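Colleague: Please take a close look at the ligand site in this model. Which residues surround the ligand, and which elements do they come from?

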Amino acid sequence: MPGPSQSQRSALGSLVLIAAVVGCGAAAFAYTAGWLSPDRLTSTKLVSALAPPGGPTLGHRRNHAKGICFTGVFEANGNASELSRATVFATGQYPVVGRFNLATPDPDAADPTVRVRGIGVQISAPDGGVWRMAMIDPPVFAASTPQGFYDLLQASGSKDPAAMKAFVAAHPEFPAFVEWATKAPWTASYAEVTFNSLNAFIFTDASGTDHAVRWSWRPEAPATPITAEDFAKLGPNHLEDDIAERVGKSPQRWTLVLTVAEPSDPTSDPTKAWPPERRTVEAGTLSVQKIEPEADGPCRDINFDPTILPDGIKVSDDPFPAARSAAYAKSFDLRTAEASHYPRTAGSAKP
Ligand code: HEM
């Protein structure tokens, strides 16, 4: 009997190749979705764990859902060029789009019910370089790894009272955050908040030398402490009303303070503060010039992914930025696909 002809053999070979390509694609998809390793932490799990018991608010950010847009400029003074060749550090003015926000999945949360405040900032350079950052006001993060953060979300959302106790017992780093959350004074204005990157990044200077850096926005407005009780009396949306009023009168300013690590400082763990005597460099000033509501404002459709970095800044061995990038992308995909539900009108968009 004659064997397969050359053309039959090559058709068979093509089919095998197609099957292999499709099979590899399916396997990669299954891996990415976490189907092959149910214990692996995925962006889907992280984002689901952020949802409140009633489910997420469709069309809105899955965390830091309450927020207001701003625009302004970052005026670099040139000082940071010794640490990074990023063009946003060359003396000059660079446009900024940002968002003041509260760390809650509820866009209607009352301000005094949310302890952690945040800022999203995007600085654009004329060479096309874009630096996005999302920062918060505690001096340390609540968890030392993305898995630890997931475990915290699960424990705090659990009906079992033993769950949180077990989390605390297994996470000796957690009390430093609780200490801040329970003891740090409240303020009644976004303009008075110091925002911290917490995650460490690597700045590369013009000679190619790397420097590990964390950074903060230090407000020009002095912080006036207020008790939680008095803050509650100011109403559920005081922070947005206040920042709109202040910026309406004059730009509100923050100094960008870079903190440079010593070789012994931990860069992979945002629960560990660096010693206060570390060298700092003041890189310039953020002037917030205009406030706009989030709905149809310029920040609404920005994903303040902390891995969007210009040449001269890169991620470090800190595992958070990559995990955050995946979770923010998931949240962004969900909320933009749900755009018809945005902005939520009372009771209309909860699933
Ligand atoms: C694994 C840990 C974390 C997860 C899973 C997480 C998750 C999220 C998600 C899903 C969003 C909404 C993104 C969007 O729809 O655009 C968000 C926003 C935000 N996150 Fe995180 N986050 C994490 C860690 C952090 C850390 C360490 C910081 C600060 C140092 C931070 C600060 C913020 C801020 C300020 C926003 C609001 C940004 C904006 O205005 O769009 N997050 N986070």
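Modeller: The shell around the ligand divides into 14 nonpolar, 8 polar and 4 charged residues. Keep in mind that this is a predicted model. In total, 26 residues surround the ligand. The closest are Arg61, Arg99, Tyr328, Ser331 and Arg335.

Now the individual atoms. Take Arg99 to begin with. An N or O atom of the Arg99 side chain sits 2.7 Å from a ligand oxygen. Arg335 also faces an oxygen atom of the ligand, with a polar side-chain atom 2.7 Å away. For Arg324, the ligand partner is a nitrogen atom. That nitrogen is 3.5 Å from an N or O atom in the Arg324 side chain.

Next, the elements behind these residues. Helix 2 (43-50), strand 2, strand 3, strand 4 (130-136) and helix 8 (320-337) each give two or more residues to the shell. Helix 8 supplies the largest share, with 7 residues.

Strand 2 and strand 3 have another role in the model. Strand 2 (92-102) and strand 3 (117-124) are among the elements that cover the buried residues of helix 7. That cover also includes strand 1 (66-76), helix 6 (228-233), strand 8 (252-260) and strand 9 (280-292). The buried residues of helix 7 are His238, Leu239, Glu240, Asp242, Ile243 and Val247. Helix 7 itself runs over residues 238-249, 12 residues in total. From first C-alpha to last, helix 7 reaches 17 Å, close to the expected 16 Å.

Definitions and conventions: Residues are numbered from 1 along each chain as its sequence is written. This is a predicted model: local features need pLDDT of at least 70, side-chain atom pairs count only at pLDDT 80 or more; totals for chains, interfaces and linings use all residues. Side-chain values use heavy atoms; hydrogens and water are left out. Helices (H or I, at least four residues) and strands (E, at least two) are DSSP runs, numbered from the N terminus. The expected span of a helix is 1.5 Å times one less than its number of residues. Buried means under 20% relative accessible area, exposed over 50%, partly exposed in between (1.4 Å probe, protein chains only). Contact means heavy atoms within 4.5 Å. A residue is near a molecule or strand if one of its heavy atoms lies within 4 Å of it. A polar contact is a pair of N or O atoms within 3.5 Å; within protein, one must be able to donate a hydrogen and the other to accept it, and residues adjacent in sequence count only if both atoms are side-chain atoms. Ala, Val, Leu, Ile, Met, Phe, Trp, Tyr, Cys and Pro count as nonpolar, Asp, Glu, Lys and Arg as charged, and the others, Gly among them, as polar.
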